[in-house]
Amino acid sequence: MISVQKLLEGKKINKIFTLTPEHMVIDALDLMAQNNIGAVMVMEGERLAGIFSERDYARRVVLQGKTS
């Protein structure tokens, strides 16, 4: 089994993208689109508050008929 570190070393992007809980959903979508990524870490200072992904958007926004 491969380690997470080895998996990440094979990626072209070596930067971590983060937002705060105060950001809007559209901000997260824009950040993901600009950087060709599928998820961003949501940080409260140095603490990981969660992860927001394209899957979250699809299931919690689009499929429930909400808007960004």
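This dialogue walks through the fold, the core and the surface of a predicted model.

Reader: Where should I begin, and in what order do the elements of the chain run from the N terminus on?

Author: A useful start is the list of helices and strands, and here the chain has three helices and three strands, which run α-β-α-β-β-α when followed from the N terminus. For the overall extent, the C-alpha atoms fill a box of roughly 40 × 25 × 25 Å along the principal axes.

Reader: Which residues make up the largest nonpolar core?

Author: In soluble globular proteins, nonpolar side chains tend to be buried together. In this model the largest nonpolar core has 12 residues, namely Phe17, Leu19, Ala28, Leu29, Leu31, Met32, Ile37, Val40, Val42, Phe52, Tyr57 and Val61. At least two residues of this core come from each of α2 (25–35), β2 (39–44) and α3 (54–62), and α2 gives the most, with four residues.

Reader: With what is Met32 in contact, leaving aside its neighbours within four places in sequence?

Author: Once those neighbours are set aside, Met32 is in contact with Ile37, Gly38, Ala39, Val40, Phe52, Ser53 and Glu54. Of these partners, Ile37, Val40 and Phe52 belong to the largest nonpolar core, as does Met32 itself.

Reader: How many residues does the chain have, and what percentage of them count as buried?

Author: The chain has 68 residues, of which 22% count as buried. The chain exposes about 5600 Å², and carbon and sulfur atoms supply 55% of that area.

Reader: How far apart are the mean positions of the positive and negative charges?

Author: For the 9 positive and 8 negative charges of the chain, the mean positions are 9 Å apart.

How values were computed: Residues are numbered from 1 along each chain as its sequence is written. This is a predicted model: local features need pLDDT of at least 70, side-chain atom pairs count only at pLDDT 80 or more; totals for chains, interfaces and linings use all residues. Side-chain values use heavy atoms; hydrogens and water are left out. A nonpolar core is a set of buried Ala, Val, Leu, Ile, Met, Phe, Trp, Tyr and Cys residues joined through side-chain atoms within 4.5 Å. Buried means under 20% relative accessible area, exposed over 50%, partly exposed in between (1.4 Å probe, protein chains only). Contact means heavy atoms within 4.5 Å. Accessible areas come from the Shrake-Rupley method with a 1.4 Å probe; for residues, only the protein chains shown count as cover. Lys and Arg count as positive and Asp and Glu as negative; His and the chain ends are not counted. The place of a charge is taken as NZ of Lys, CZ of Arg, CG of Asp or CD of Glu.
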